[in-house]
2 protein chains.
Amino acid sequence: MTPPPTSTVPPYVSLIVRILTLICLLISFIVIATNNQTVSTVAGDVKIKFKDFYAYRYLIATVIIGMAYTLLQIAFSISLLTTGNRIGGEGFLLFDFYGDKFISYFLVTGAAASFGMTQDLKQLEGSDNYSKFLNTSNAAASLCLIGFFFAVASSIFSSYNLPKRI
Amino acid sequence: MTPPPTSTVPPYVSLIVRILTLICLLISFIVIATNNQTVSTVAGDVKIKFKDFYAYRYLIATVIIGMAYTLLQIAFSISLLTTGNRIGGEGFLLFDFYGDKFISYFLVTGAAASFGMTQDLKQLEGSDNYSKFLNTSNAAASLCLIGFFFAVASSIFSSYNLPKRI
């Protein structure tokens with residue numbers, strides 16, 4: 001029987017990836033939360049915001065939960081780098097594995113729901129009036145998608161770390 | 001150094017999960033492909049189909065690719081169960097790991113894009129005329145989501161199998 005792999009990802013690489021995830025999610029959050037456009041309708045001017053669409057509300061929820069989880073993991077990584085010990089011990093490898101998996105699925109659903117909605121909304125009559133709003137929302141969803149790619153990298157790392165658990 | 005874990009998931013469990021994935025995706029495919037509704041408009045009767053919406057076209061694409069991949073994996077599993085050898089050898093553990101990961105992300109985006117679009121489309125004026133179409137589409141997206149959950153199980157199994165690679 002050969003020993004389990006010891007050449008897992010260095011802690012600082014893992015930390016950098018998590019910081020990149022956080023940056024993408026933070027910018028996505030700011031973009032979606034500040035996005036609004038005033039549209040002229042027969043009933044007067046109407047200000048549209050992310051709250052008016054289920055898909056964008058879901059996007060902002062995924063981004064906030066993703067940021068909270070990533071911040072927690074960054075704290076764990078810094079503690080590992082400074083003290084050499086992982087808070088919670090080796091049992092936390094399982095937490096990382098399932099946590100990273102769940103958060104990455106969660107983030108990609110936020111981005112996909114927004115893209116799916118925006119793409120078909122653009123086909124509707126009158127959507128030209130708020131195309132700026134839709135384009136900015138798409139930018140926020142794209143940032144969430146980039147954050148998701150970094151989260152996938154974290155998830156792959158934590159899968160490779162699983163054998164350490166034994 | 002302790003040996004790597006040997007108690008991975010039995011091949012027949014893995015096969016059953018993949019068959020369940022395939023069944024969900026197949027039903028989802030049939031539901032979405034046969035879904036249509038005739039809507040009366042000022043310009044006469046219009047038949048709406050999944051092709052008229054980007055999100056549903058994306059859903060059907062993810063379901064088809066998911067089915068093709070799952071069929072391939074079922075063939076591999078049956079070969080493993082009958083001959084005791086995995087086609088492609090141990091190197092295929094990495095293929096399973098990344099393949100399962102990719103397909104599960106892919107399936108969940110299909111479901112999320114459809115849900116995101118349908119939910120906001122239902123808020124629009126006149127959407128009552130084709131609510132049957134939207135509800136059936138939601139059912140297809142739900143089946144894709146259930147298929148995704150089975151795909152996640154496969155993905156977890158293949159992550160646990162990774163240490164075998166060494």
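**Salt bridges, helices and a shared core**

Student: Which residue forms a salt bridge with Arg18(B)?

Tutor: In this predicted model, local features need pLDDT of at least 70 and side-chain atom pairs pLDDT 80 or more, while totals for chains, interfaces and linings use all residues. Residues are numbered from 1 along each chain as its sequence is written, chains are lettered from A and ligands numbered from 1 in the order written, and side-chain values use heavy atoms, without hydrogens and water. A salt bridge puts a side-chain nitrogen of Lys or Arg within 4 Å of a carboxyl oxygen of Asp or Glu. With closest N and O atoms 3.0 Å apart, the partner of Arg18(B) is Asp100(B).

Student: Which helix holds Asp100(B), and are Arg18(B) and Asp100(B) buried or exposed?

Tutor: Arg18(B) is in helix α1 of chain B and Asp100(B) in helix α3 of chain B, so named because helices are DSSP runs (H or I, at least four residues) numbered from the N terminus. The two residues are 82 apart, and the pair links distant parts of the chain. As for cover (under 20% relative accessible area is buried, over 50% exposed, in between partly exposed), Arg18(B) and Asp100(B) are buried.

Student: How many salt bridges does the structure hold over all chains?

Tutor: In chain A, Arg18(A) forms a salt bridge with Asp100(A), and their closest N and O atoms are 3.1 Å apart. Arg18(A) lies in helix α1 of chain A and Asp100(A) in helix α3 of chain A, so this pair ties together parts that are 82 residues apart in sequence. Arg18(A) and Asp100(A) are both buried. Over all chains, the number of salt bridges is two.

Student: Why can helix α3 of chain B be called largely enclosed?

Tutor: Helix α3 of chain B runs over residues 92–121, and its end C-alpha atoms are 43 Å apart, which agrees with the 44 Å that its 30 residues should span at 1.5 Å a residue (times one less than the number of residues). The helix is largely enclosed by the rest of the structure because, of its 30 residues, the number buried is 23.

Student: Which residue follows helix α2 of chain B?

Tutor: Helix α2 of chain B has 30 residues and reaches 44 Å from its first C-alpha to its last, close to the expected 44 Å. After this helix comes a residue with a positive phi, near 80 degrees, namely Gly84(B).

Student: Which residues have the most contacts inside the largest nonpolar core?

Tutor: Such a core joins buried Ala, Val, Leu, Ile, Met, Phe, Trp, Tyr and Cys through side-chain atoms within 4.5 Å, and the largest one has 70 residues, with Tyr56(A) and Tyr56(B) having the most contacts inside it. Helices α1, α2, α3 and α4 of chain A, together with α1, α2, α3 and α4 of chain B, each supply at least two residues of this core. Beyond four places in sequence, Tyr56(A) touches residues (heavy atoms within 4.5 Å) including Ile32(A), Phe50(A) and Met117(A). The residues asked for are Tyr56(A) and Tyr56(B).

Student: With which residues is Arg57(A) in contact, leaving aside its neighbours within four places in sequence?

Tutor: Arg57(A) is found in helix α2 of chain A, and at 41% relative accessibility this residue counts as partly exposed. Its C-alpha is 9.2 Å from that of Ile32(A), although the two are 25 residues apart in sequence. Without those neighbours, the contacts of Arg57(A) are Phe50(A) and Lys51(A).

How values were computed: Buried < 20%, exposed > 50% of the residue type's maximum accessible area, 1.4 Å probe, protein only.
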